Amino acid sequence: MAFAGLKKQINKANQYVTEKMGGAEGTKLDLDFMEMERKTDVTVELVEELQAKTKEYLQPNPTARAKMAAVKGISKLSGQAKSNTYPQPEGILADCMLTYGKKLGEDSIFANALVEMGDSLKQMADVKYSLDDNIKQNFLEPLHQLQTKDLKEVMHHRKKLQGRRLDFDCKKRRQAKDEEVRGAEEKFAESLQLAQVGMYNLLENDVEQVSQLVTFAEGLLDFHQQCADILRVLVEVLNEKREEAAARPKSEFVPKTLADLNIETLGSQDGMNGGTPFLSSRASPLPSPMRSPARTPMPAKPAQPCCTALYDFEPENPGELGFKENDVITLIQRVDENWFEGSVNGRTGYFPQSYVQVTVPFP
């Protein structure tokens, strides 16, 4: 059986070469079938591109996408599955405003305005997360199912049709026995019917596919309407804060002197020692027997290898080093082309190179 299958494959290959190189005429299918094939090929490309561009729309930051891919890869290597949430830019900006608004204090109107805007951006980030989940579930997931099931099945039938057509033409060209040619013809006809039905069902499924587009558009409309409502309230609140700041009376401010702060100065010391005249800052000071001799500056130590964190890194396995964005990490050694060993805040461990930027490289 294995030899028969191999012989059949060789015959198909010979027939294909004969058609391409020798100019032999293969069995032609009608224009309607060829048009269905063309539209099916376009649909295959469309589904692939549509998924990629939709994900790019929902997750526009290429750096963040790369970070998520890196974390996902590390999770797979360690045998741990981790669900990563895309960091919405509204949420990142909200964290910044909320952090510094609280640091400035409640007595600052500007700080209160920062907190108000941070809270609003947090709400917009939550709405964006809902949009993300909605589009993934109701648009991307059906596209993925179409790609992995219906399109895959249609392409299988088309590939099988091509093979059976070559086998049919090969047996006709070699003038094989009538029963062999008849058997090849029946299989060719069977595959032709399956391919046509599959492509027809795929191309005539407009209702479901348009419905998915409607869901996508409705999700976008709802997202923008909710964001507009949040921003409308925010603008009203910020205008009130601006009016409050303009109406607040400004108190007179008098800068304090060193004497007010009880800081001992050269003049006060001279006064206590008998009123020695104060020396001009441009005059050279007289040598004092109490003055320590000038010290020879120590040679600067060579800079220790280090790097700066580009993102937060949460350790998932024992021995990994966690850190926050902008942390300066002392490098101990390079483990391999993807991992470093380093220390920060008294902790030592391993971390991926893709999360940091080396500022002082190894010598």
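**Figure 1. Phe 139 and its neighbours in the predicted model.** Setting aside residues up to four places away in sequence, Phe 139 touches Leu 50, Thr 54, Asn 134, Gln 212, Leu 213 and Phe 216 in this predicted model. Phe 139 also belongs to the largest nonpolar core, a group of 20 residues in which Phe 139 and Ile 135 touch the most other members. Two or more residues of this core come from each of α2 (31–58), α4 (89–104), α5 and α7 (206–247). Helix α5 supplies the largest share, with 11 residues. A second core, of 13 residues, lies apart from this one, and Cys 307, Ala 309, Val 344 and Val 356 are among its members. As background for this view, nonpolar side chains tend to be buried together in soluble globular proteins.

**Figure 2. Lys 128, a buried charge.** Here we stay with helix α5, residues 109–173, where Lys 128 is found. Is Lys 128 buried or exposed? Lys 128 is buried, yet it has no salt bridge. The nearest side chain of opposite charge belongs to Glu 90, 4.1 Å away; a salt bridge is counted only within 4 Å, so this pair is left out. Beyond residues up to four places away in sequence, Lys 128 touches Gln 88, Glu 90 and Phe 223.

**Figure 3. A salt bridge between helices α4 and α5.** The side chains of Asp 95 and Lys 122 meet at 2.8 Å, N to O. Asp 95 sits in helix α4 and Lys 122 in helix α5, so the pair, 27 residues apart, links distant parts of the chain. Both ends are partly exposed: Asp 95 has a relative accessible area of 37%, and Lys 122 has one of 32%. The whole structure holds 10 salt bridges.

**Figure 4. Salt bridges within helix α5.** Asp 132 and Lys 136 form a salt bridge at 2.9 Å, N to O. These two residues are separated by about one helical turn, because they are four residues apart in helix α5. Asp 132 counts as buried, at 5% relative accessibility, whereas Lys 136 is partly exposed, at 37%. Farther along in the numbering, the side chains of Asp 167 and Lys 171 meet at 3.4 Å, N to O. They too lie in helix α5, four residues apart, about one turn of the helix. How are Asp 167 and Lys 171 placed, buried or exposed? Both of them are buried. Elsewhere, Glu 37, Asp 41 and Arg 158 are joined into one network by salt bridges that share partners.

**Figure 5. Strand β3 and its two partners.** Strand β3 spans residues 339–344, and five of its six residues are buried. Strand β2, residues 328–334, runs antiparallel to β3 and is joined to it by four bridges. Leu 331 faces Gly 342 across this pairing, and the β2–β3 hairpin has four residues between its strands. On the other side of the pairing list, β3 and strand β4, residues 347–352, are antiparallel and share six bridges. Val 344 stands opposite Arg 347 in β4. Two residues lie between β3 and β4 in their hairpin, and Asn 345 in the turn has a positive phi of about 55 degrees.

**Figure 6. The chain as a setting for the close-ups.** Eight helices and five strands make up the secondary structure, in the order α-α-α-α-α-α-α-α-β-β-β-β-β along the sequence. Of the 363 residues in the protein chain, 28% count as buried. The accessible surface comes to about 25,600 Å², with 55% belonging to carbon and sulfur atoms.

Definitions and conventions. Residues numbered from 1 in each chain as written. Predicted model: local features only at pLDDT ≥ 70, side-chain atom pairs only at ≥ 80, totals over all residues. Heavy atoms only, no water. Buried < 20%, exposed > 50% of the residue type's maximum accessible area, 1.4 Å probe, protein only. Lys, Arg positive; Asp, Glu negative; His and termini not counted. Contact = heavy atoms within 4.5 Å. Pairing = 2+ DSSP bridges. Areas by Shrake-Rupley, 256 points an atom, 1.4 Å probe, with all protein chains shown as cover. Core = buried A, V, L, I, M, F, W, Y, C linked by side-chain atoms within 4.5 Å.
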